[in-house]
Structures are given as structure tokens and as C-alpha cells.
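Q: Could you take me through one part of this protein up close, and show me how it fits with what surrounds it? I have the sequence and the model open and would like one connected walk-through.

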Amino acid sequence: MPRWKYDPNVRRGRHVVHHLHAHLVFVTKYRKAVFTDAVLTTCQQSMESVCEDFGATLSEFNGEADHVHLLVQYPPAVRLSDLVNSLKGVSSRIIRRDHPNQLADLLWGKNLWSPSYFAASAGGAPLDIVKQYISNQQRPS
């Protein structure tokens with residue numbers, strides 16, 4: 001009988017039990033308002049795919065016209081900076097490929113994202129609050 005109450009959200013590996021979450025915010029280059037609902041949907045799908053490749057889970061995603069919020073559950077073997085670089089790089093390529101006309105007038109060059117990002121650890125009871133905050137972003141129509 002375990003000493004703790006079973007939690008299906010806690011992941012177990014061969015030598016580790018973990019419950020790591022990061023709240024990430026990516027801002028568009030020059031804070032340009034490039035996101036519509038369709039572009040955000042493409043962004044979310046590409047980021048879900050990247051997370052899957054890293055053994056991570058995109059628990060929550062939303063955004064506004066010039067930035068996105070992510071809540072990512074990731075394994076301890078993953079360096080958060082590597083995950084962020086892939087999330088930004090892959091999503092930028094896919095969004096530029098699938099929505100070239102929407103971005104052409106607002107952004108030039110190959111950069112969709114600002115080079116910086118926000119990352120905060122999140123866990124326990126505050127996760128519901130972070131999820132609520134992300135889901136309440138003013139998504140453009």
C-alpha cells in the first residue's frame with residue numbers, strides 16, 4: 001500500500017516519479033498582432049506535435065493577437081530550453097507555411113517569435129488557476 005494517495009496526473013518512469021509543469025508565454029516579433037483563430041489553431045496543433053515528440057503534454061493552450069500561453073507537462077529528462085526552442089521553431093515554420101498571406105505584411109524575415117520567452121514553474125493547486133487564466137485569454141475571432 002503506497003504512502004500517498006494515487007494521482008493519475010503524476011507520471012512515473014523507471015527511476016522517477018514526476019509532476020513537472022511549466023507555464024510558457026511566447027510573444028510575436030515586434031509584438032505584432034498576427035494571430036487569428038485559424039492561426040492559433042495551427043499553432044496549437046504544431047505545438048502538440050512537438051510536445052509529443054519530447055514525451056511532454058500540452059495541457060492547455062490559448063492566446064491573444066500578439067502572444068500565446070502554454071501549460072506544458074514535461075519529463076525531467078527534457079531540458080526546458082530545448083523544448084522551447086523546438087516549440088518556437090517548428091510552430092514558426094508551420095504557421096509561415098500554412099498562413100503566408102496573413103503574416104507577409106506584418107512580419108518580414110523568418111522570425112515569427114520574439115527571441116525571448118516567459119517560463120514559470122507551476123504545480124499542485126495553482127494548476128487549475130493557471131488553466132483557467134489561459135482558457136480565459138481573449139482569443140481573436
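A: Let's start with Thr-28. Setting aside neighbours within four places in sequence, Thr-28 is in contact with Val-34, Phe-35, Asp-66, Leu-112, Trp-113 and Ser-114. Keep in mind that you're looking at a predicted model. Thr-28 belongs to strand β3, which covers residues 21–28. Its relative accessibility is 0%, so Thr-28 counts as buried, the cut-off for that being under 20%.

Now step into the loop between β3 and α1, with α1 covering 37–53; Tyr-30 is found in this loop. Tyr-30 has a positive phi of about 60 degrees, although it is not a glycine. Arg-31 sits in the loop between β3 and α1 too, and it has a positive phi of about 55 degrees, again without being a glycine. Why point these out? Because most residues other than glycine have a negative phi.

Arg-31 is also worth a look for its side chain, which meets that of Asp-66 in a salt bridge, at 2.8 Å from N to O. That pair links distant parts of the chain: Arg-31 is in the loop between β3 and α1, Asp-66 is in the loop between β4 and β5, and they are 35 residues apart. The two ends have different surroundings: Arg-31 is partly exposed at 47% relative accessible area, whereas Asp-66 is buried at 15%. Remember that Asp-66 is also one of the contacts of Thr-28.

So what does β3 belong to? It's part of an open sheet of 4 strands, in the order β4-β5-β3-β6, with antiparallel pairing. β4 (57–64) and β6 (113–122) stand at the edges with a single partner strand each, so one side of each has no neighbour in the sheet. On average, neighbouring strands here are turned by 20 degrees against each other, direction ignored.

On one side of β3, the pairing with β6 is antiparallel and runs over 7 bridges. If you want a spot to click on, His-21 has Ala-122 in β6 as its bridge partner. Over at β4 and β5, 7 bridges join the two antiparallel strands, and there Phe-61 has Leu-70 of β5 as its bridge partner. A hairpin joins β4 to β5 through 2 residues.

Next, the helices. α1 lies across β3, β4, β5 (67–73) and β6, and runs at about 155 degrees to β4. Helix α2, residues 80–98, packs on the sheet as well, touching β3, β5 and β6, and its direction makes about 135 degrees with that of β6.

Back to charges for a moment. The count comes to 4 salt bridges, and the Arg-31 and Asp-66 pair is one of them. Another joins the side chains of Asp-82 and Arg-79 at 3.1 Å, N to O; Asp-82 is partly exposed at 32%, and Arg-79 counts as exposed at 53%. Asp-98 and Arg-97 make a salt bridge too, at 2.8 Å, N to O. There, Asp-98 counts as partly exposed at 37%, while Arg-97 counts as exposed at 59%.

One last thing, in case you were wondering about cysteines: a search of the whole structure finds 0 disulfides. Cys-43 is buried, with a relative accessible area of 0%, and Cys-51 is buried at 1%.

Key:
Residues numbered from 1 in each chain as written. Predicted model: local features only at pLDDT ≥ 70, side-chain atom pairs only at ≥ 80, totals over all residues. Heavy atoms only, no water. Disulfide = S-S within 2.5 Å. Buried < 20%, exposed > 50% of the residue type's maximum accessible area, 1.4 Å probe, protein only. Contact = heavy atoms within 4.5 Å. Pairing = 2+ DSSP bridges. Axes fitted to C-alpha atoms, helices over the stretch in contact; angles between N-to-C directions.
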